[in-house]
Amino acid sequence: MVRMIQLPCAPVRVLRRVMRQIAPLRWAAARLPPASADDGTALGLQCVGVARGAPGKVQAFGRLEALMDVRDHEGIRLLGAPLDTGDGRQPVELPECHPMLSSSLQRLGRHLHQLLLRHVARRGWSLDGEWSHELLLNLYSQSSHGAAPLAPKLYVHKDLSALTLLLVPSHGGGQLYVNEHPLRFPSKDTGALLFGTRFSEAFPAAPCHAATPHRVVARTSGSTRPRLSVAFFLAREKVFVSSSAKLELIRRLRGAGVIGKPGIFRSVFTGSTVRTERTSFRSLRSMLDLLTIFSATGLQQELEAAKGEKSLMMRQDLEHTFLESAADCVSRALQVVDGAMAQGVDALLGSETAEKAPTVEPKKV
Ligand SMILES: O=C(O)CCC(=O)C(=O)O
Ligand SMILES: [Fe+2]
């Protein structure tokens, strides 16, 4: 089931500004060939950030080399040169992105992040820990791809997020199909809220919701304006270990005899003797960071890189392989953590008393 959300004034204003700022890019992208026969985008412009604080990172994938010289009305380049050349599939950072465009993207991302948090809070759901978001602007091509029907179109997929807010998707032609039914947007300021594959992970206390399959269907008749869609993905990567995960970890460490009560202690093995000393707060924190890396960044990035995914999308036909690899990676990471826990904190952290810190070799798929 798809829920429609009306945007408040502040994000609408920023959204309109973003649409104006990217107009030259939108037209230039429309003249380029689509990414493939079943993916009609020419450029994906992303801003990955958090709810507040740290600035977001602007990056892009697709036909960047052809678009990096596109300028605004004052002649200033909008995207500028990417940090590295990339292969068109993996997003590359845009350190030269126009400062005004970059700040509007960050602001829009933060507005939508807060909006969704408020929306779910009203339903009594709360996010487990802190997660980053991804704001994605899909700029579609208007040229045909071989014998394939006219772009824009997009393969059927589910989003690798907890929740996705889709804005202005049909702006400029094409239609969004959800569960194979066309979706109607009452206004340009209405967003469609879809469930993503990480919903239960991010909202463990909420009732279960299956991810929503959707796709973009190419238009049949010509449209004057090139298609653009704005997708906001909540819950991209876990930013910190949640407090419940921290408590669970401490419980497990106590259970394994690695730390004691009331302070935090560790067993230090020196030759044949074992002595107990206070664990420094720093060590515990690095261990929590390590777990964060296992549970979020490393695993997620590895899987995305291995599949060559450009964004938070998962083709339905690849889902089975993806889930198998994810389960495999998680169980391998947990084995390493469990093994290290059995040997003591030092083995996990690699301090002077430990011979060698364990490393996780993520599986390539
Ligand atoms: O362009 C659209 O309408 C949908 C885009 C989408 O599904 C996505 O970016 O994940
Ligand atoms: Fe999507």
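**Entry 1: the sheet**

I began with the sheet, where I found 8 strands forming an open sheet in the order 1-10-7-12-5-2-3-4, with antiparallel pairing. I then asked which strands stand at the edges. They are strand 1 (3-6) and strand 4 (92-93), and since each has a single partner strand, one side of each is left without a neighbour in the sheet. I note here that I am reading a predicted model, so everything I write below is taken from a prediction.

**Entry 2: the chain as a whole**

Before going further into the strands I looked up some totals. The secondary structure of the chain comes to 8 helices and 15 strands, and of its 365 residues 39% count as buried. I also looked at contacts between residues at least 6 apart in sequence, and 74% of these join residues at least 24 apart.

**Entry 3: pairing, strand by strand**

I followed the order of the sheet, starting from the edge strand 1. Strand 1 is joined to strand 10 by 4 bridges, and the two run antiparallel; as a marker I wrote down Gln 6, which stands opposite Thr 190 in strand 10.

Strand 10 (residues 190-195) is in turn joined to strand 7 by 4 bridges, again with the two strands running antiparallel. The marker I chose for this pair is Thr 164, which stands opposite Leu 194 in strand 10.

On strand 7 I also looked up its pairing with strand 12, and I found 6 bridges joining these two antiparallel strands. Leu 163 has Leu 234 in strand 12 as its bridge partner. Is strand 7 mostly covered or mostly open? I found that 8 of its 9 residues are buried, so I recorded strand 7 as mostly covered.

Further along the order I checked strand 2 (residues 41-49) and strand 3 (residues 57-62), which run antiparallel and are joined by 6 bridges. Here the bridge partner of Leu 43 is Gly 62 in strand 3.

**Entry 4: Val 230 and Ala 235 in strand 12**

Strand 12 holds Val 230, and I wanted to know whether this residue is buried or exposed. It counts as buried, because it has 22 C-beta neighbours inside 10 Å and the cut-off for a buried residue is 20 or more. Leaving out residues up to four places away in sequence, I found that Val 230 touches Leu 15, Leu 137, Leu 167 and Val 168. I also looked up its separation from Gly 44: the two are 186 residues apart in sequence, yet their C-alpha atoms are 9.8 Å apart in space.

Ala 235 lies in strand 12 as well, and I noted that its phi is positive, about 75°, although it is not a glycine. With 29 C-beta neighbours inside 10 Å, Ala 235 counts as buried.

**Entry 5: Glu 180 in a loop**

Glu 180 is another residue that is not a glycine but has a positive phi, here of about 70°. I located Glu 180 in the loop between strand 8 (175-178) and strand 9 (181-182). Because Glu 180 has 10 C-beta neighbours inside 10 Å, it counts as exposed, the cut-off for that class being 12 or fewer.

**Entry 6: helix 1 and helix 3**

Next I turned to helix 1 (residues 9-21) and helix 3 (residues 99-122), whose axes come within 9 Å and cross at roughly 145°. The crossing is left-handed. Which residues meet here? From helix 1 I listed Ala 10, Pro 11, Val 14, Leu 15, Arg 17, Val 18 and Gln 21, and from helix 3 the residues they meet include Met 100, Leu 101, Leu 105, Leu 108 and His 111. By class, the residues of this contact divide into 11 nonpolar, 3 polar and 2 charged. Leu 15, on this list from helix 1, is also one of the residues that Val 230 touches.

**Entry 7: around ligand 1**

Last, I looked up which residues come nearest to ligand 1. Of the 12 residues around the ligand, these are Asn 138, Pro 169, Leu 176, Ser 229 and Ala 231. The elements that give two or more residues to this shell are strand 5 (131-140), strand 6 (154-159), strand 7 (163-171), strand 11 (214-217) and strand 12 (228-238). Sorted by class, the shell has 8 nonpolar, 3 polar and 1 charged residues.

Definitions and conventions
Residues numbered from 1 in each chain as written. Chains lettered and ligands numbered in written order. Predicted model: local features only at pLDDT ≥ 70, side-chain atom pairs only at ≥ 80, totals over all residues. Axes fitted to C-alpha atoms, helices over the stretch in contact; angles between N-to-C directions. Left-handed = near helix turned anticlockwise from the far one by under 90°. Contact = placed C-beta atoms within 7 Å. Nonpolar A, V, L, I, M, F, W, Y, C, P; charged D, E, K, R; others polar. Near = placed C-beta within 6 Å. Pairing = 2+ DSSP bridges.
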